[in-house]
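Hi,

Here is the structure I promised to pass on. Have a look at it first, and my notes follow underneath.

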Amino acid sequence: MSGPTLNIADALLFDRIHEGNGERVAIRLDDRTLLYREVAGIAAGFATRLVERDVQPEQRVLIGLPDGPEFVGALFGTLAVGAVAVMIGPEMRPEHLAAVATASRSPLAITNDAERFAAAGALQVMAAGDHVGGDPERFEPYPTHRDDPAIWLFSGGTTGVPKIVVQTHRSFLNTTERYAKATLGYGPDDITLSVPKLYFGYATGSNLFFPFSVGASAVLFAERPTPEVLFEKVERHRPTILVNVPSMVAAMVAHPEATSQDFSSLRFATSAGEALPVELHRQWDDTFGIELLDGLGTAEMWHIFVTNRPGEVRRGTVGRVVPGFDVRICNEDGDEVPEGEVGRLWVRGDSRAWGYWQDIDRTAEAFRGEWFVGGDLASRDSDGFVTHRGRADDAVKVKGKWLRPQEVEGALLTHPAVRECAVIAVDNQVGLLEPVAFVVAD
């Protein structure tokens with residue numbers, strides 16, 4: 001990032017052609033592979049169609065496609081013309097999709113589900129197959145500024161319309177360099193396979209941007225991931241990196257055929273998106289014998305900024321801070337707490353988002369100068385390993401300290417006389433919060 005001009009379509013795709021790597025395999029499907037020059041040609045074709053439809057730089061383009069070459073081409077084609085990609089998943093509720101379509105003022109959606117997107121308010125719908133082959137050797141992406149918006153990501157939204165996070169070209173390249181290359185060591189011979197689909201920021205990075213940045217390849221499949229599907233993909237494609245989440249980790253280790261799987265091709269697996277319990281991590285290690293690198297990231301910082309590393313895994317923690325990022329664990333006054341104490345996590349680095357679209361109040365609360373201050377609670381030990389302690393909205397302050405009811409419940413359930421329990425916070429006689437446990441004896 002030596003200059004202000006940066007387009008990640010160039011940095012992560014078209015530069016592979018200019019480097020002479022056009023004949024390397026970029027995408028692995030069950031029935032065929034696609035080379036970098038072929039993928040770049042698809043992206044250039046989408047870009048050509050977007051220009052013909054008068055899509056302008058900084059306009060938002062909705063992308064609602066399954067994982068596959070068309071998704072990749074539509075995403076890079078959108079970025080190449082300087083437009084902003086808004087990736088929509090199939091499970092997004094209709095009211096949420098309508099809210100995003102309205103907020104984006106998008107002139108166009110690229111999808112094979114025209115009825116759904118038209119109902120959400122998309123002005124034009126372009127079918128994924130409506131693109132022409134382009135010439136990646138002659139194609140020149142729009143010269144976006146490194147701080148121009150590139151992709152909208154979504155934060156929260158399980159019970160309401162998600163917050164829209166505006167992320168920049170700089171952010172995506174920064175984390176690619178800092179986390180994927182320098183910390184995890186992605187290389188040209190890697191083959192990635194992901195449980196989350198590409199529209200998740202976690203997978204956009206780990207199963208597309210990161211392998212593409214080094215001329216490696218990504219396995220893509222449209223079907224819903226299950227242990228059986230993943231076992232078959234590992235056997236067929238022999239990936240070196242598995243991008244995983246704790247819920248699938250649990251499903252995989254519980255599968256009756258788990259111990260018969262050959263995972264020897266894997267260098268490591270990653271985990272993010274939800275808490276990874278220590279016991280579940282131990283079961284993974286015992287079952288598969290492959291290092292599982294738990295990490296922590298947010299949409300507001302795009303991707304992972306604290307992680308365990310190959311050869312340096314400490315169960316129960318999310319690892320140490322990725323070089324290039326700074327993390328503080330602070331109290332409510334913004335002062336750092338001592339080692340081992342729980343506080344709110346502050347983070348800064350060159351992957352910080354602009355803020356929340358059309359939400360200046362929440363932007364002002366969360367984006368404080370160079371720092372992003374979300375709802376994550378954490379502690380850090382003397383070796384620099386960070387333990388995620390949940391979310392502030394799931395915790396209560398008792399005698400000035402953060403308390404997570406789930407941790408107390410977990411401790412109670414280890415007692416042989418406890419069958420079920422629930423812990424809540426109630427006001428005592430003087431109006432202060434105290435934890436109260438409701439226990440069903442065994």
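Just after helix α3, G82 takes a positive phi of about 85°. Before going on, the ground rules: this is a predicted model, in which local features need pLDDT of at least 70 and side-chain atom pairs count only at pLDDT 80 or more, while totals for chains, interfaces and linings use all residues. Residues are numbered from 1 along each chain as its sequence is written, and side-chain values use heavy atoms, with hydrogens and water left out. Helices (H or I, at least four residues) and strands (E, at least two) are DSSP runs, numbered from the N terminus.

Back to α3, which covers residues 69-80. Its 12 residues should span 16 Å at 1.5 Å a residue, and the end C-alpha atoms are indeed 16 Å apart; the expected span is 1.5 Å times one less than the number of residues. How much of α3 is buried? The count is 11 of the 12 residues, so the helix is largely enclosed by the rest of the structure. Buried here means under 20% relative accessible area, exposed means over 50%, and partly exposed is in between (1.4 Å probe, protein chains only). Among the buried ones are P69, F71, F76 and L79.

Next, a helix pair. α6 (residues 169-183) and α7 (residues 201-213) pack at an angle of about 80°, and their axes are 10 Å apart. That makes α6 roughly perpendicular to α7. For the geometry, axes are lines fitted to C-alpha atoms, for helices over the stretch in contact, and angles run from 0 to 180 degrees between N-to-C directions. Angles under 35 degrees count as roughly parallel, over 145 as roughly antiparallel, 65 to 115 as roughly perpendicular and the rest as oblique. On the α6 side, F172, T175, T176, Y179, A180 and K181 meet F209, F210 and S213 of α7, where contact means heavy atoms within 4.5 Å. Sorted by class, this contact has 5 nonpolar, 3 polar and 1 charged residues. The classes put Ala, Val, Leu, Ile, Met, Phe, Trp, Tyr, Cys and Pro under nonpolar, Asp, Glu, Lys and Arg under charged, and the others, Gly among them, under polar.

Now the sheets. Two strands pair if DSSP finds at least two bridges between them. One open sheet has 9 strands in the order β2-β1-β10-β9-β11-β12-β13-β14-β15, with mixed pairing. Its edge strands are β2 (33-35) and β15 (320-321), each pairing on one side only. At the β2 end, 3 bridges join β2 to β1 (residues 25-28), and the two run antiparallel; V25 has L35 of β2 as its bridge partner. Towards the other edge, β14 and β15 pair in the antiparallel sense over 2 bridges, with V306 opposite V321 in β15. V306 in β14 also stands opposite L296. Helix α9 (residues 246-254) lies across β11 (241-244), β12 (268-271) and β13 (292-297), running at about 110° to β11.

β13 and β14 pair in the antiparallel sense over 3 bridges and form a hairpin with 6 residues between them. W302 sits in that turn with a positive phi of about 65°, although W302 is not a glycine. Is W302 buried or exposed? At 3% relative accessibility, W302 counts as buried. R238 is another non-glycine with a positive phi, of about 50°, and lies in the loop between α8 (227-237) and β11. R238 is partly exposed, with a relative accessible area of 26%. As background, most residues other than glycine have a negative phi.

A further open sheet has 7 strands, ordered β6-β5-β3-β4-β7-β8-β18, again with mixed pairing. β6 (125-126) and β18 (355-356) stand at the edges with a single partner strand each, so one side of each is left without a neighbour in the sheet. Within this sheet, β7 (residues 149-155) and β8 (residues 163-168) run antiparallel and are joined by 6 bridges, S155 being partnered with K163 of β8.

There is also a hairpin of β20 and β21, with 5 residues between the strands, and G384 in its turn has a positive phi of about 90°. The bridges from β20 (residues 371-380) to β21 (residues 386-391) number 4, and the strands run antiparallel; S379 has T387 as its bridge partner.

Last, R116 in helix α5 (residues 114-120). R116 is partly exposed, at 23% relative accessible area. Leaving aside neighbours within four places in sequence, R116 is in contact with I88, G89, P90, M92 and L97.

Cheers
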